[in-house]
Each structure stands twice: as structure tokens, then as C-alpha cells.
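Q: Got a minute to go through this one with me? I'd like to start from one residue and work outward.

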Amino acid sequence: MCAKYAGDSSVNGRIMALAELGPDKTYEALDDITVVDVFQAAYDGGLEAATTIIDVHLRMVAECIIADDVELVRTVYGKFKRMPPLLMRSSVVATAAVAEAGLLKVREEYELIEAMLREEVAKPDAGDEMKLEHEKCEVLMKTMDAVIAVLHEEKGEKDGELVSDAPSVSSSSD
């Protein structure tokens, strides 16, 4: 990141974004009942697994900000392909669903802050600190959106629906 953006003021917002993605964000995500509900629907057991899934995905968001791409997410999810097919499919869907719920919860916070700052930073007298905060929110939202898009691809989701390669059985009434 440093070499690619050397001398570019966007580095400041990106570094601020990285500093946001610590353990507190993991716990904030888990504090939302929707995230817990998604986890409980996908997994049996305690919330330790949910904590790990969300923490790992927030770390991947940080790495994606540094690399300025989301190939890491594809690489990580590519490792699921080593599993037996049925286990792989259910593991990918469950893990991605929990990760997506957590990322959406965290993203919601930055979306609210960005919306409040949007008009203010457009004014000529907007302070540098406010502009930096706005930029941080934009970086986080853009990267989380890109990571979530990859999660949808990896789950095999098209237009909000899971698509299966398995043949379907349907009854027809002639």
C-alpha cells in the first residue's frame, strides 16, 4: 500500500480505516442479535466460532485495504475446495453467511457516519479531520462491499438466491 500510494493523501484515510478493524469491531458485530441468529442457524455450538469467523473476515478486510483488491478472500475460500463436496458446500455457505452478517453490521455503522458527514465535507470550510473521517468510512464501506460480493460468489449466490449445480426434482401437472 505504501509504495502504491506514496505521496497520495488517500493513505491517511486508508491507515485510519485499518486502525478501526480491531477486536472491538468483532464484539460489536456479535452484539447484534441478527448476527447471532445467522450463526445459530448455520452452526451448533458456542459463539467462539462466530467470534473467530467474524474476526478473520475483518482481518481479511484489513488485508484487502492494504492490497487494494479482494484476491485474498478468493484464496481463503479456495481452500474450502479441498473438502469433500457436500461438506465443502455447507461449510462455505455457513461461514460466508455468518461473515456477511457480521460485516454488514459493522458496515452499517460506517454508512451512518458517512451519511452524516457527506454534506459537511462538500462545504468549502470543511476541516481536514472531517474529510479524513469521511474518507475512512468510504474506504471501509467500499472494501466491505467488495468482500461481501466475493462471499456471494463463493456461496454460489445469484440475485440473492443460492444456485445449486445439483439437478432439481419438480413435479409437473399435465
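Q: Setting aside neighbours within four places in sequence, what is Glu20 in contact with?
A: Glu20 touches Lys25, Tyr110, Lys136 and Leu140, leaving aside its neighbours within four places in sequence. Keep in mind that this is a predicted model.

Q: Where is Glu20 placed, helix-wise?
A: Glu20 is in helix α1, which covers residues 10-20.

Q: And how far apart are the C-alpha atoms of Glu20 and Cys137?
A: They're separated by 9.9 Å, with the two positions 117 residues apart along the chain.

Q: Is Glu20 buried or exposed?
A: Somewhere in between. Its relative accessible area is 25%, so Glu20 counts as partly exposed, given that buried means under 20% and exposed means over 50%.

Q: What about Glu108, which helix is that in?
A: Glu108 lies in α6. Glu108 is also partly exposed, with a relative accessible area of 40%. The C-alpha atoms of Glu108 and Met141 are 8.6 Å apart, and those two are 33 residues apart along the chain.

Q: OK, zooming out. How many helices and strands are in the chain?
A: Seven helices and two strands. Going from the N terminus, the order is α-α-α-α-α-α-α-β-β.

Q: How do α6 and α7 pack?
A: Their axes are 8 Å apart and the angle is about 155°.

Q: Why call them roughly antiparallel?
A: Because angles over 145 degrees count as roughly antiparallel, and α6 and α7 pack at about 155°. The crossing of α6 and α7 is left-handed.

Q: Switching to the inside: how many residues does the largest nonpolar core have?
A: That core has 36 residues. Leu21, Val73, Tyr77, Val147 and Leu151 have the most contacts inside it.

Q: Which elements give two or more residues to that core?
A: Those are α2 (23-30), α3 (33-42), α4 (48-67), α5 (71-78), α6 (85-122) and α7 (128-155).

Q: Pick Val147. What does Val147 touch beyond its neighbours within four places in sequence?
A: Val147 is in contact with Val61, Cys64, Val70, Val73 and Leu103.

Q: And Thr26, buried or exposed?
A: Thr26 is buried, at 2% relative accessible area. Thr26 is found in helix α2, and its contacts, again skipping neighbours within four places in sequence, are Thr51, Ile54, Asp55 and Leu58.

Q: What share of the chain do buried residues make up?
A: 36% of the 174 residues. As for reach along the sequence, take the contacts between residues at least 6 apart: 72% of these join residues at least 24 apart.

Q: Last topic, rings. How many aromatic pairs does a search of the whole structure find?
A: Two. In one of them, the ring centres of Phe39 and Tyr43 are 5.4 Å apart and the planes sit at 25°, so that pair is stacked.

Q: Why does 25° make it stacked?
A: Because planes under 30 degrees apart count as stacked.

Q: Are Phe39 and Tyr43 buried or exposed?
A: Phe39 has 1% relative accessibility, so Phe39 counts as buried. Tyr43 is at 24%, so Tyr43 counts as partly exposed.

Q: How is the pair of Tyr77 and Phe80 arranged?
A: That pair is tilted, with 5.2 Å centre to centre and 35° between the planes. Tyr77 and Phe80 are both buried, and Tyr77 is one of the residues with the most contacts inside the largest nonpolar core.

Note on methods. Residues are numbered from 1 along each chain as its sequence is written. This is a predicted model: local features need pLDDT of at least 70, side-chain atom pairs count only at pLDDT 80 or more; totals for chains, interfaces and linings use all residues. Side-chain values use heavy atoms; hydrogens and water are left out. Rings of Phe, Tyr and Trp (its six-membered ring) pair if their centres lie within 6.5 Å; planes under 30 degrees apart count as stacked, over 60 as edge-to-face and the rest as tilted. Buried means under 20% relative accessible area, exposed over 50%, partly exposed in between (1.4 Å probe, protein chains only). A nonpolar core is a set of buried Ala, Val, Leu, Ile, Met, Phe, Trp, Tyr and Cys residues joined through side-chain atoms within 4.5 Å. Helices (H or I, at least four residues) and strands (E, at least two) are DSSP runs, numbered from the N terminus. Contact means heavy atoms within 4.5 Å. Axes are lines fitted to C-alpha atoms, for helices over the stretch in contact, and angles run from 0 to 180 degrees between N-to-C directions. A crossing is left-handed if the near helix is turned anticlockwise from the far one by less than a right angle, and right-handed if clockwise.
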